[in-house]
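Please load the model in the viewer and keep the sequence panel open. The tour below proceeds by selection, and each stop states what is to be found there.

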Amino acid sequence: MLDYTKFKKKFDAITLPDGTVLHLLMPKKKTLEKLMSLGKIGEDEDAVDEMYDTAAEILSNNMQKKHFAADEVENMFDTEELGALFEEYSEFVSGIKSDPN
């Protein structure tokens, strides 16, 4: 029997610039769709805002229940660091999909 109260979730541990360790969980459908669409967006101001909004959603989906706003993420990461976050998280999500055990 599948018991979701005892379901062990997989996570990706990351360390933020201030030394805080977060355990990021798998994304919900909406966040996954936003992450997948990032490669298709242009280079205007709305695209940059969308990147930081998506990063805030990713970071807020953590085992510690810590919430992040897009402006917090903007102050925390430059665009190069943001790209590294998306790359790491995408590899985590892809790895779980390709190895569900």
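Two rings of Phe, Tyr or Trp (its six-membered ring) form an aromatic pair if their centres lie within 6.5 Å; planes under 30 degrees apart are called stacked, those over 60 edge-to-face, and the rest tilted. The structure holds two such pairs, and both appear on this tour. The model is a predicted one, in which local features require pLDDT of at least 70, side-chain atom pairs count only at pLDDT 80 or more, and totals for chains, interfaces and linings use all residues. Residues are numbered from 1 along each chain as its sequence is written, and side-chain values use heavy atoms, with hydrogens and water left out.

**Whole chain**

Begin with a cartoon of the entire protein. Four helices and two strands make up its secondary structure, in the order β-β-α-α-α-α from the N terminus. These elements are DSSP runs numbered from the N terminus, helices being H or I over at least four residues and strands E over at least two.

Next, colour by accessibility. Buried denotes under 20% relative accessible area, exposed over 50%, and partly exposed the range in between (1.4 Å probe, protein chains only). Of the 101 residues, 29% are buried. The protein exposes about 7,000 Å², and carbon and sulfur atoms supply 52% of that area; accessible areas come from the Shrake-Rupley method with a 1.4 Å probe, and for residues only the protein chains shown count as cover.

A contact means heavy atoms within 4.5 Å. Among contacts with a separation of 6 or more, residues 24 or more positions apart account for 59%.

**First stop: the N-terminal segment**

Select Leu-2, Tyr-4 and Phe-7. Together these residues make a nonpolar surface patch of about 380 Å². Patches consist of residues with over 30% relative accessible area and no salt bridge, like charges being joined within 9 Å and nonpolar side chains (Val, Leu, Ile, Met, Phe, Trp, Tyr) within 5 Å. Leu-2 lies in the segment before β1 (11–15) and is exposed at 54% relative accessible area.

Which aromatic pair is found here? The rings of Tyr-4 and Phe-7 have centres 5.5 Å apart and planes at 40°, so the pair is tilted. Tyr-4 is exposed at 61% relative accessibility, whereas Phe-7 is partly exposed at 46%.

**Second stop: Tyr-89 and Phe-92**

Move to the other pair, Tyr-89 and Phe-92, whose ring centres are 5.9 Å apart with planes at 45°, so that this pair is also tilted. The two residues are three positions apart in helix α4, which means that about one helical turn separates them. Both are buried.

**Third stop: the nonpolar core**

Select Leu-24, Leu-59, Val-73, Leu-82 and Leu-85. These residues have the most contacts inside the largest nonpolar core, which has 20 residues. Such a core is a set of buried Ala, Val, Leu, Ile, Met, Phe, Trp, Tyr and Cys residues joined through side-chain atoms within 4.5 Å. β2 (21–25), α2 and α4 (79–98) each give two or more residues to this core, and the largest share, six residues, comes from α4.

Now isolate Leu-24. Beyond its neighbours within four places in sequence, its contacts include Phe-11, Ile-14, Leu-59, Asn-61, Leu-85, Tyr-89 and Phe-92.

Continue to Asn-61, in the loop between α2 (45–60) and α3 (70–76). Is Asn-61 buried or exposed? At 19% relative accessibility, Asn-61 is buried. Outside the four nearest places on either side in sequence, Asn-61 touches residues including His-23, Leu-24, Pro-27 and Tyr-89.

**Last stop: the salt bridges**

A salt bridge is a side-chain nitrogen of Lys or Arg within 4 Å of a carboxyl oxygen of Asp or Glu. How many are found in the whole structure? The search finds three.

Select Lys-29 and Glu-33, whose side chains meet at 2.8 Å, N to O. The two lie four residues apart in helix α1 (residues 29–37), so about one helical turn separates them.

Then select Lys-34, Glu-50 and Glu-57, which are linked in a network of salt bridges. The closest N and O atoms of Lys-34 and Glu-50 are 3.7 Å apart; because Lys-34 lies in α1 and Glu-50 in α2, the pair ties together parts 16 residues apart in sequence. Lys-34 is buried at 16% relative accessibility. For Glu-57 and Lys-34 the closest N and O atoms are 2.5 Å apart, and this pair links α2 with α1 across 23 residues.
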